[in-house]
Amino acid sequence: MSLPTTSTALHSVWLEIHPKLGMSLMDHLWNRLDGAYPNRWRAAFANQRAIENWREAWAEAFDDERIQPAEIKAAIGYCRKAYDWPPSLSEFLRACRPPIDYERSFYEAVEQMALRDEGKDHWSCPAIYWAAARI
């Protein structure tokens, strides 16, 4: 009995070709992590099968966790600042949704609400806006 060549459903949005990128979102993420961690990222993958396993496992996790592309973008920036070595899947998922810094959120709310009347507000997270608006 032979093992299946793929373990993830092929219908994952992360593995489909994105029209604006000309590649899948997962391949784009690969390129961004490879650029952020030159030599260290690729060294973690012994062969093409290891790369495919990475793509499938991370796509499956993103689907399971309902990760959005904007969260991936934020996580890449977070990882560049926080990790000297490429992140594991669990580290990357935590970077997608870092815990809320309540003090920072309070100062953001005060600052952004002051800018709101001029239409110059820019919120890091919709939840901070809605909490500030409610108060």
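**Exercise 1. In which hand does H3 pass H5? Work out the packing of this helix pair.**

This is a predicted model: local features need pLDDT of at least 70, side-chain atom pairs count only at pLDDT 80 or more, and totals for chains, interfaces and linings use all residues. Numbering starts from 1 along each chain as its sequence is written, and side-chain values use heavy atoms, without hydrogens and water.

Step 1. Fix the elements. Helices (H or I, at least four residues) and strands (E, at least two) are DSSP runs, numbered from the N terminus.

Step 2. Read the hand. H3 passes H5 in a right-handed crossing. Right-handed means that the near helix is turned clockwise from the far one by less than a right angle; anticlockwise would be left-handed.

Step 3. Add the geometry. The axes of H3 and H5 are 11 Å apart, at an angle of about 35 degrees. Axes are lines fitted to C-alpha atoms, for helices over the stretch in contact, and angles run from 0 to 180 degrees between N-to-C directions.

Step 4. List the contact (heavy atoms within 4.5 Å). H3 brings Ala-57, Trp-58, Ala-61, Phe-62 and Glu-65, while H5 brings Leu-89, Phe-92 and Leu-93.

Step 5. Sort by class. The contact of H3 with H5 has 7 nonpolar, no polar and 1 charged residues. Ala, Val, Leu, Ile, Met, Phe, Trp, Tyr, Cys and Pro count as nonpolar, Asp, Glu, Lys and Arg as charged, and the others, Gly among them, as polar.

**Exercise 2. Describe how H4 meets H5.**

Step 1. Take the axes. Helix H4 (residues 69-82) and helix H5 (residues 89-96) have axes that come within 8 Å and cross at roughly 110 degrees.

Step 2. Classify the angle. H4 and H5 are therefore roughly perpendicular to each other. The cut-offs are under 35 degrees for roughly parallel, over 145 for roughly antiparallel, 65 to 115 for roughly perpendicular, and oblique for the rest.

Step 3. Give the hand. H4 and H5 cross in a right-handed way.

Step 4. Name the residues. From H4 come Glu-71, Ile-72, Ala-75, Ile-76, Tyr-78 and Cys-79; from H5 come Phe-92, Ala-95 and Cys-96. They divide into 8 nonpolar, no polar and 1 charged.

**Exercise 3. Trace the aromatic pairs, starting from Trp-14.**

Step 1. Count. The whole structure holds 16 aromatic pairs. Rings of Phe, Tyr and Trp (its six-membered ring) pair if their centres lie within 6.5 Å; planes under 30 degrees apart count as stacked, over 60 as edge-to-face and the rest as tilted.

Step 2. Take one pair. Trp-14 and Phe-62 are edge-to-face, at 5.0 Å centre to centre and 65 degrees between the planes.

Step 3. Place the partners. Trp-14 lies in the segment before strand E1 (17-18) and Phe-62 in helix H3 (residues 48-65), so the pair ties together parts 48 residues apart in sequence. Trp-14 and Phe-62 are both buried. Buried means under 20% relative accessible area, exposed over 50%, and partly exposed in between (1.4 Å probe, protein chains only).

Step 4. Widen the view. One aromatic cluster is formed by Trp-14, Trp-30, Trp-41, Phe-45, Trp-54, Trp-58, Phe-62 and Phe-92.

**Exercise 4. Which residues does Trp-41 contact, beyond four places in sequence?**

Step 1. Locate Trp-41. Helix H2 (residues 40-43) holds Trp-41.

Step 2. Check burial. Trp-41 has 2% relative accessibility, so Trp-41 counts as buried.

Step 3. List the partners. Trp-41 is in contact with Trp-30, Leu-33, Asp-34, Trp-54, Trp-58, Pro-86 and Pro-87, leaving aside neighbours within four places in sequence.
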